[in-house]
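Subject: Structure handover

Hello,

Here is the structure I promised to pass on to you. Please have it open while you read, and my notes on what turned up follow underneath.

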Amino acid sequence: MEGGSAAPEELPEIITNKDEMRKWSRAMRCRGKTIALVPTMGYLHQGHLSLVEKAQSLADVVVVSIYVNPGQFSPSEDLSTYPSDFHGDIRKLGSVSGCRRVDAVFHPHNLYDYGNIGRKGERDIVEELSEEREKGPPASGVSSCVEEMGAGHETWVKVERLERGLCGMSRPVFFRGVATVVTKLFNIVDPDMAVFGKKDYQQWRVIQRMVRDLDFGVRIVGCDITREQDGLAMSSRNVRLSPEDRGKALSISRSLFQAKSLVERGQTTNCSDLRGTLVQAISGAGGKIDYVEIVDQESLETLGEVDRPVVICIAAWFGNVRLIDNIEISG
Ligand code: AMP
């Protein structure tokens, strides 16, 4: 019933408290149900809903988390302007493409508030924050909005090598924040499986590796990218593109399709040539390139030749919106 008004009994259960979420999952397990988790930051679109449909096909019950994670944003990034429409999201999850509704939505207010902020006076916090700022970033040299908030959180999960390249170059706290919040969600929701989009290819690989390395009992499922009819990869951030930039941003998907076709038609396997074509197409359309990389699908290592399954990954700015996209080529 997308866009319309769903009857209350068709809406998912909304859980905002960690303990309630744990209780809900335990109750489901006691009833012998398998649980799939779909982590999101909300402002849901068809890409998210395709993950939900996949989750519904794999597990008895589905939990969608909606949480804009301050741990993966640096203080200079767009945490405060990240789009949100919680009521719209709940309506969309009430009935996914005519399938059964999502069973529960986990929507915590703040996963990093351990009560340490609430007990202090506002003045103490303001003073502490300005002291923190004077001290500069922590010893690791990176700092997220969680540190900026003065939250008493100091445990982070890092997938050392896989998180370094691609998005990790320009967003040094991003994957540390993602791996940590996904760990938290796994500990709270205790799912059998979790569904991620390959739109965030590096994120999907980082989570797969984290689950393997740390022995989480969660199966990680990857879903293909959902695109608009004209090819633009769906993203919650697309809404912030001006109509003009939205048009220019099509250069990303178009150049990816073109590169794939060049390889598949045997016209080139040289990564430097391919990269040059992609950079030219996107810069020529007015995009500011963050990176264009042709990497091994599993190790994400940069390659010289397309001699194995590769993925071409792109991040580029159009106006003040940073977009990412990618395409797999079987090689
Ligand atoms: P986000 O809300 O942007 O953090 O995304 C939540 C999940 O949805 C992540 O696993 C994303 O990779 C996935 N996702 C976002 N956009 C798309 C898309 N266009 N196609 C498939 N998955 C997507």
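Let me start with one residue: setting aside neighbours within four places in sequence, Phe 257 is in contact with Arg 227, Gly 231 and Ile 327. Please keep in mind that this is a predicted model. Phe 257 sits in helix α9. With a relative accessibility of 36%, Phe 257 falls in the partly exposed class, because that class runs from 20% to 50%. Its partner Ile 327 is 70 residues away from Phe 257 in sequence, yet their C-alpha atoms are 7.6 Å apart in space.

The same helix offers a contrast. Ser 255 also belongs to α9, which covers residues 243-264. Is Ser 255 buried or exposed? Its relative accessibility is 4%, and Ser 255 therefore counts as buried, the limit being under 20%. Not counting residues up to four places away in sequence, Ser 255 touches Leu 278, Ala 281, Ile 282 and Ile 314.

Now the overall picture. The chain contains 10 helices and nine strands. It has 331 residues, and 50% of them count as buried. Its accessible surface is about 15,700 Å², with 48% of that belonging to carbon and sulfur atoms. Taking the contacts with a separation of 6 or more, 73% come from residues 24 or more positions apart.

Next, the sheets. Six strands make up an open sheet with parallel pairing, and their order is β1-β4-β3-β2-β5-β6. At its edges are β1 (13-15) and β6, each of which pairs on one side only. On average, and ignoring direction, neighbouring strands in this sheet are turned by 25° against each other. Within the sheet, β2 (residues 35-40) pairs with β3 in the parallel sense, over six bridges. Pro 39 stands opposite Ser 65, which is in β3. Two helices to look at here are α3 and α8. Helix α3 packs on the sheet and touches β1, β3 and β4 (104-106), with its direction at about 165° to that of β3. Helix α8 also packs on the sheet, where it touches β5 and β6, and its direction makes about 165° with that of β6.

Just ahead of α3 there is a loop residue you may want to find. Asp 85 is placed in the loop between β3 (61-66) and α3 (86-94). Its relative accessibility of 35% lies between 20% and 50%, so Asp 85 counts as partly exposed. Leu 44 is 41 residues from Asp 85 along the chain, and 8.2 Å separates their C-alpha atoms.

Three strands form another open sheet, this one antiparallel in its pairing, in the order β7-β8-β9. Here the edge strands are β7 (288-296) and β9, and each pairs on one side only. Neighbouring strands are turned by 10° against each other on average, direction ignored. The antiparallel pairing of β7 with β8 runs over eight bridges. Tyr 291 stands opposite Ala 315 in β8. Helix α10 (residues 271-284) packs on this sheet, touching β7 and β8, and its direction makes about 155° with that of β7.

Back to α8, which deserves a few more words. This helix spans residues 201-213, 13 residues in total, and its first and last C-alpha atoms are 18 Å apart, close to the 18 Å expected at 1.5 Å a residue. Which residues of α8 are buried? They are Tyr 201, Gln 202, Gln 203, Trp 204, Arg 205, Val 206, Ile 207, Met 210 and Val 211. These buried residues pack against helices α6 (167-170) and α7 (174-189), and against strands β5 (193-197), β6 (219-223), β8 (310-318) and β9 (321-329). After α8 comes Asp 215, which has a positive phi, near 55°.

Lastly, a helix pair. How do α1 and α7 lie relative to each other, and at what angle do they cross? The axes of α1 (residues 18-30) and α7 come within 8 Å and cross at roughly 55°. That angle falls between 35 and 65 degrees, so the two helices are oblique to each other. On the α1 side, Lys 18, Met 21, Arg 22 and Ser 25 meet Asn 187, Ile 188 and Val 189 of α7.

Happy to talk any of this through whenever it suits you.

Best wishes

Methods:
Residues are numbered from 1 along each chain as its sequence is written. This is a predicted model: local features need pLDDT of at least 70, side-chain atom pairs count only at pLDDT 80 or more; totals for chains, interfaces and linings use all residues. Side-chain values use heavy atoms; hydrogens and water are left out. Helices (H or I, at least four residues) and strands (E, at least two) are DSSP runs, numbered from the N terminus. The expected span of a helix is 1.5 Å times one less than its number of residues. Buried means under 20% relative accessible area, exposed over 50%, partly exposed in between (1.4 Å probe, protein chains only). Contact means heavy atoms within 4.5 Å. Two strands pair if DSSP finds at least two bridges between them. Axes are lines fitted to C-alpha atoms, for helices over the stretch in contact, and angles run from 0 to 180 degrees between N-to-C directions. Accessible areas come from the Shrake-Rupley method with a 1.4 Å probe; for residues, only the protein chains shown count as cover. Angles under 35 degrees count as roughly parallel, over 145 as roughly antiparallel, 65 to 115 as roughly perpendicular and the rest as oblique.
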